[in-house]
Amino acid sequence: MKKNIVITIARQYGSGGKTVGEMLSERLGYHYYDKELAKLASDESGINESLFVNADEKVKTAKLFNIIKNAHHGELIPPESDEFTSSDNLFNYQAKVIRGLAESGDGCIIIGRCADYILKDYDNVLSVFVHASHDFCMEQAAKKHSMSEKELERYIAKIDRHRAGYYKYHTGNEWTDARNYDLCLDSSKLGFERCVEEIIAYMNVRFREDD
């Protein structure tokens, strides 16, 4: 199997997509990139890391939720521009880092941040969407947050709404559309370990050494 495979994982909140990614990282010996991407993009651009953290997978204003942006083309805005620290340019720099990881020759796992779209033309990329039932997401989220059932429902819906809006704004596509991904896995039916096994099985078929 190829050694430089990049696995992108998009996930509903509470589905355990991050857990699946961490388990894959341990099984495969691949580096796992999540919040570290903000630091890498900050180092690349010179823009304060906190701006990347605050922009991650969020579209800040109601106005942006109603915008269907043209497909991301990755043009970097120069430092002398007033738009240098705009949400678009923060995304552009993070996309540049993600492409660099895909081209580095090392296998890795990237969580969220439209990585599946950014890397859609790369032949060493496997894109995964992890989803789960409402009850499963509630159960998993309750392990991290002390909230009432209604509060937890609202919190999960808010996070997923942000992720869907971020994806729509930067790609023009629907976040939950199965056509965006190579694999869509229901962690509430499969469990985390089986999700890992399914991803590895797909990798073994698609990325054979003799391809």
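**Figure 1. Ile110 and the residues it touches in this predicted model.** Start with Ile110 and look past its neighbours within four places in sequence: Ile110 is then in contact with Val6, Ile7, Thr8, Ile9, Tyr33, Leu37, Ile98, Leu101, Ala115 and Leu119. Ile110 also belongs to the largest nonpolar core, where Ile110 and Leu119 are the residues with the most contacts inside it.

**Figure 2. The largest nonpolar core, 31 residues in all.** Which elements each supply at least two residues of this core? The strands that do so are strand 1 (6-11), strand 3 (108-111) and strand 4 (125-131). The helices that do so are helix 2 (36-45), helix 3 (49-55), helix 5 (87-102), helix 6 (115-118) and helix 8 (149-171). Helix 5 gives the most, with 8 residues. Apart from this core lies another one, of 30 residues, and among them you can find Ile5, Leu152, Leu183 and Phe207. In soluble globular proteins, nonpolar side chains tend to be buried together.

**Figure 3. An open sheet of 5 strands.** Reading across the sheet, the order is 2-3-1-4-5, and the pairing is parallel. Which strands stand at the edges? They are strand 2 (31-33) and strand 5 (183-186); each has a single partner strand, so one side of each is left without a neighbour in the sheet. From one strand to the next, the twist averages 20 degrees.

**Figure 4. Strand 4 and its two partners, strand 1 and strand 5.** Strand 1 and strand 4 pair in the parallel sense over 6 bridges. Here, Arg11 has Val130 in strand 4 as its bridge partner. Strand 4 and strand 5 also pair in the parallel sense, over 4 bridges. To follow this pairing, look for Val128, whose bridge partner in strand 5 is Leu183, and for Phe129, which stands opposite Cys184 in strand 5. Is strand 4 largely enclosed or largely open? Of its 7 residues, 6 are buried, so strand 4 is largely enclosed by the rest of the structure.

**Figure 5. Thr171 and its polar neighbours.** Thr171 is found in helix 8. Is Thr171 buried or exposed? Its relative accessibility is 3%, and because buried means under 20%, Thr171 counts as buried. A polar atom of the Thr171 side chain lies 2.6 Å from the backbone oxygen of Tyr167. The side chain of Thr171 also reaches the backbone nitrogen of Asn173, at 3.0 Å.

**Figure 6. Asn89, a buried residue of helix 5.** Asn89 lies in helix 5, the helix that gives the most residues to the core of Figure 2. The relative accessible area of Asn89 is 0%, so this residue is buried. Now find Leu76, which is 13 residues from Asn89 along the chain. The C-alpha atoms of Asn89 and Leu76 are separated by 6.2 Å.

**Figure 7. Stepping back to the whole protein, with its 10 helices and 5 strands.** How many of the 211 residues are buried, as a percentage? Buried residues make up 47% of them. Take the contacts between residues at least 6 apart in sequence: 72% of these join residues at least 24 apart. On the outside, the protein exposes about 10,900 Å², and carbon and sulfur atoms supply 48% of that area.

Notes: Residues are numbered from 1 along each chain as its sequence is written. This is a predicted model: local features need pLDDT of at least 70, side-chain atom pairs count only at pLDDT 80 or more; totals for chains, interfaces and linings use all residues. Side-chain values use heavy atoms; hydrogens and water are left out. A nonpolar core is a set of buried Ala, Val, Leu, Ile, Met, Phe, Trp, Tyr and Cys residues joined through side-chain atoms within 4.5 Å. Buried means under 20% relative accessible area, exposed over 50%, partly exposed in between (1.4 Å probe, protein chains only). Contact means heavy atoms within 4.5 Å. A polar contact is a pair of N or O atoms within 3.5 Å; within protein, one must be able to donate a hydrogen and the other to accept it, and residues adjacent in sequence count only if both atoms are side-chain atoms. Two strands pair if DSSP finds at least two bridges between them. Axes are lines fitted to C-alpha atoms, for helices over the stretch in contact, and angles run from 0 to 180 degrees between N-to-C directions. Accessible areas come from the Shrake-Rupley method with a 1.4 Å probe; for residues, only the protein chains shown count as cover.
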